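Me: Got a minute to walk through a structure with me? I'd like to go over its side-chain contacts and backbone quirks.

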Amino acid sequence: MKKDVYVYTIGNSAYINLTNRCTNACEFCIRTYADGVEGYDLWLDKEPDADEIIELLPDVSTLDEVVFCGFGEPLIKFDVLMTVARFVRRNGGTTRINTNGQAELFLKDKDVAKRLSECIDKVSISLNETNAKDYDNICHSKYGLEAYDALITFAKHCVDVGIDVTMSVMETIGEEKIKLCKETAERIGAKLRVRTMI
């Protein structure tokens, strides 16, 4: 019987797999062609609670960072994420979230970034495209065209409260679109990272 992977290690960082649920169905998502990364099967039978995660973490002060990044959108499990992130912060660790940036929509809370700022150092947001229509065509958010503007707003809110924000795109969108995405990121005070297919 397969054992759920809640915490996995890549390099000197610990990654936390909170949920398989997501508000997007991105065409390029690794979930469409693999069961996990680096030999870890990240499909879950049961979502973990905070205690289950914390007991699996090594000494977080010795890690490069603790990253909330699994086979789903981590901010869907906001309360669990916050409990674990507070633990990491108290114990001298650095925290990062990889997210689709739609938390303000599904949590129905415009203060998400402010709440995250107490225990999250970095946020990586998948920008993926240059406009709402093209984003929806490849990411298929349950929020439709509303998702793109929401993720831009969330990124700006994170920047405004002092979180280090990086937005990302796939290299496959081409140089012209990458340039436009870089301008979007820089306009709100974020960085841009160009990702390659795993």
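Here are some questions and answers about this predicted model.

Me: Let's begin with rings. What is the angle between the planes of Trp43 and Phe71?

Reply: These two are an aromatic pair, with 5.0 Å from centre to centre. Planes over 60 degrees apart count as edge-to-face, and that is the class of Trp43 and Phe71, whose planes make an angle of 75°.

Me: How many residues apart in sequence are the parts that this pair ties together?

Reply: Trp43 sits in the loop between strand S4 and helix H1. Phe71 sits in the loop between strand S5 and helix H2, so the pair joins parts of the chain whose separation in sequence is 28 residues.

Me: Is Phe71 buried or exposed?

Reply: Its partner Trp43 is partly exposed, at 30% relative accessible area. The cut-off for buried is under 20%. Phe71 has a relative accessibility of 2%, so Phe71 is buried.

Me: On to charges. Which residue forms a salt bridge with Arg96?

Reply: Arg96 is in strand S6, and its partner is in strand S5, 31 residues away. Arg96 is buried at 14% relative accessible area, and the partner also counts as buried, at 11%. The closest N and O atoms are 2.8 Å apart, and the partner is Glu65.

Me: Which other side chain meets Glu65 in a salt bridge, at 3.6 Å from N to O?

Reply: This one comes from strand S7, 57 residues from Glu65 in the chain. It is partly exposed, with a relative accessible area of 30%. The residue that meets Glu65 at 3.6 Å is Lys122.

Me: And where do Asp160 and Lys156 both lie?

Reply: They form a salt bridge, with 2.9 Å between the closest N and O atoms. Lys156 is partly exposed, at 33% relative accessible area. The two are four residues apart, about one turn of the helix, and that helix is H6.

Me: Now the backbone. What is the phi of Glu38, roughly?

Reply: Most residues other than glycine have a negative phi. Glu38 lies in the loop between strands S3 and S4 and is exposed, at 62% relative accessibility. Glu38 is not a glycine, yet its phi is positive, at about 50°.

Me: Which loop holds Lys108?

Reply: Lys108 also has a positive phi, near 50°, without being a glycine. With a relative accessible area of 75%, Lys108 is exposed. Its place is the loop between helix H3 and helix H4.

Key
Residues are numbered from 1 along each chain as its sequence is written. This is a predicted model: local features need pLDDT of at least 70, side-chain atom pairs count only at pLDDT 80 or more; totals for chains, interfaces and linings use all residues. Side-chain values use heavy atoms; hydrogens and water are left out. Rings of Phe, Tyr and Trp (its six-membered ring) pair if their centres lie within 6.5 Å; planes under 30 degrees apart count as stacked, over 60 as edge-to-face and the rest as tilted. Buried means under 20% relative accessible area, exposed over 50%, partly exposed in between (1.4 Å probe, protein chains only). A salt bridge is a side-chain nitrogen of Lys or Arg within 4 Å of a carboxyl oxygen of Asp or Glu.
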